[in-house]
Amino acid sequence: MVKTHYQPSVYLRTRLIVFYIKCGLLGDARWVFDEMPERNVVSWTALISGYSQKGHVFEAIHLFVQMFRSGTTPNEFTFATVLTSCTGAFGFHFGRQIHCLLVKSPFESHVYVGSSLLDMYAKAGKVHDARCVFESLPKRDVVSCTAIISGYAQQGLDKEALELFRKLQAEEMSSNYVTYTTVLTSLSGLAAVEQEQLSGFLLIVKRSTLRSVWLSGISLIEDACTGSPRQIDR
């Protein structure tokens, strides 16, 4: 395209940005972006995502600000993407500003945005704020449920993490490997666990398709909670 002086469309240039990012060529992706005479929300979001995935927090946030100033309106994927870069003192401060923008937008209750938002609060140790976001979501998925449980566990609030897990299980929440691993960590962090509570969790995991979690986590729970390994029927 360079040699033939062909001017591709916004769509094609954006696909090229995504291609370079997937190949790990972020510099080339930025070059294509900078050469675009016209950009849309997808091209902006693609490059923000590229910086975020590589851990370039400042660049991702700075690009989001440029996008906003250019007059391009962010969509739910833009917000969800940039929020993953809002870590550390600087990132969290900016993330709270983004939350203020979301309140005025139709995306605050979007499951992807909500999951990223509560994950940001949880990683910053603001579990109460994360729980408020979680409770305000009209629809929850396995990502948002796991994020809030993980938030409690990361702060050493193991009892709260387990209580929330039981509550969400009663509401027929779907779980994945990360969910069970997080709960396993919370169980091992408790000095004592009631036998009924332990047996209930083991039954939940055993009935799931994630048998590897059950097998690998059994000894961890037993050693931490009972002090001596117990034979489990495999």
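**Exercise 1: D119 and its partner**

Task: Which class fits D119: buried, partly exposed or exposed? Then find the residue with which D119 forms a salt bridge.

Solution:
- Step 1. Take the value for D119: its relative accessible area is 25%.
- Step 2. Apply the cut-offs: buried is under 20% relative accessible area, exposed is over 50%, and partly exposed is in between (1.4 Å probe, protein chains only). With 25%, D119 is therefore partly exposed.
- Step 3. Look for the partner. K123 forms a salt bridge with D119, and their closest N and O atoms are 3.1 Å apart. The rule asks for a side-chain nitrogen of Lys or Arg within 4 Å of a carboxyl oxygen of Asp or Glu.
- Step 4. Place the pair. Both residues lie in helix 7 (residues 111-123). They are four residues apart, about one turn of the helix. Helices (H or I, at least four residues) and strands (E, at least two) are DSSP runs, numbered from the N terminus.
- Step 5. Classify K123. Its relative accessible area is 53%, so K123 is exposed.

A note on the model: this is a predicted model, in which local features need pLDDT of at least 70 and side-chain atom pairs count only at pLDDT 80 or more, while totals for chains, interfaces and linings use all residues. Residues are numbered from 1 along each chain as its sequence is written, and side-chain values use heavy atoms, with hydrogens and water left out.

**Exercise 2: A network of charges**

Task: How many salt bridges does the structure hold, and which residues are linked in a network?

Solution:
- Step 1. Give the total: six salt bridges.
- Step 2. Recall the principle. Side chains of opposite charge can pair when their charged atoms come close.
- Step 3. Take R140 and E135. Their side chains meet in a salt bridge at 3.1 Å, N to O. R140 is partly exposed at 27%, and E135 is partly exposed at 37%.
- Step 4. Take K167 and E171. The closest N and O atoms of this salt bridge are 2.9 Å apart. K167 is partly exposed at 35%, and E171 is partly exposed at 45%.
- Step 5. Join the pieces. Salt bridges link R131, E135, R140, K167 and E171 in a network.
- Step 6. Look at R140 again. R140 also lies over the face of F134, at 4.3 Å from the ring centre. For a charge over a ring, NZ of Lys or CZ of Arg must be within 6 Å of the ring centre and within 35 degrees of the ring normal. R39 lies over the face of F33, at 4.2 Å from the ring centre.

**Exercise 3: Aromatic pairs**

Task: How many aromatic pairs are counted, and what is the arrangement of F79 and F107?

Solution:
- Step 1. State the rule. Rings of Phe, Tyr and Trp (its six-membered ring) pair if their centres lie within 6.5 Å. Planes under 30 degrees apart count as stacked, over 60 as edge-to-face and the rest as tilted.
- Step 2. Give the count: nine aromatic pairs.
- Step 3. Try F19 and Y20. The ring centres are 5.7 Å apart and the planes are at 55°, so the pair is tilted. F19 is partly exposed at 47%, and Y20 is partly exposed at 21%.
- Step 4. Turn to F79 and F107. This pair is tilted too, at 6.0 Å centre to centre and 50° between the planes.
- Step 5. Locate the two rings. F79 lies in helix 5 (residues 76-83), and F107 lies in the loop between helix 6 (88-103) and helix 7, so the pair ties together parts that are 28 residues apart in sequence.
- Step 6. Classify them. F79 is buried at 4%, and F107 is buried at 18%.
- Step 7. Widen the view. F64, F68, F79, F94 and F107 form one aromatic cluster.

**Exercise 4: I149 in the core**

Task: Which residues does I149 touch, not counting residues up to four places away in sequence?

Solution:
- Step 1. Define the core: buried Ala, Val, Leu, Ile, Met, Phe, Trp, Tyr and Cys residues joined through side-chain atoms within 4.5 Å.
- Step 2. Find I149. The largest nonpolar core has 53 residues, and I149 is among those that touch the most other members. I17, L83 and I98 are also among them.
- Step 3. List the contacts (heavy atoms within 4.5 Å). I149 touches A161, L164, F165, L168, M173, T179, T182 and V183.
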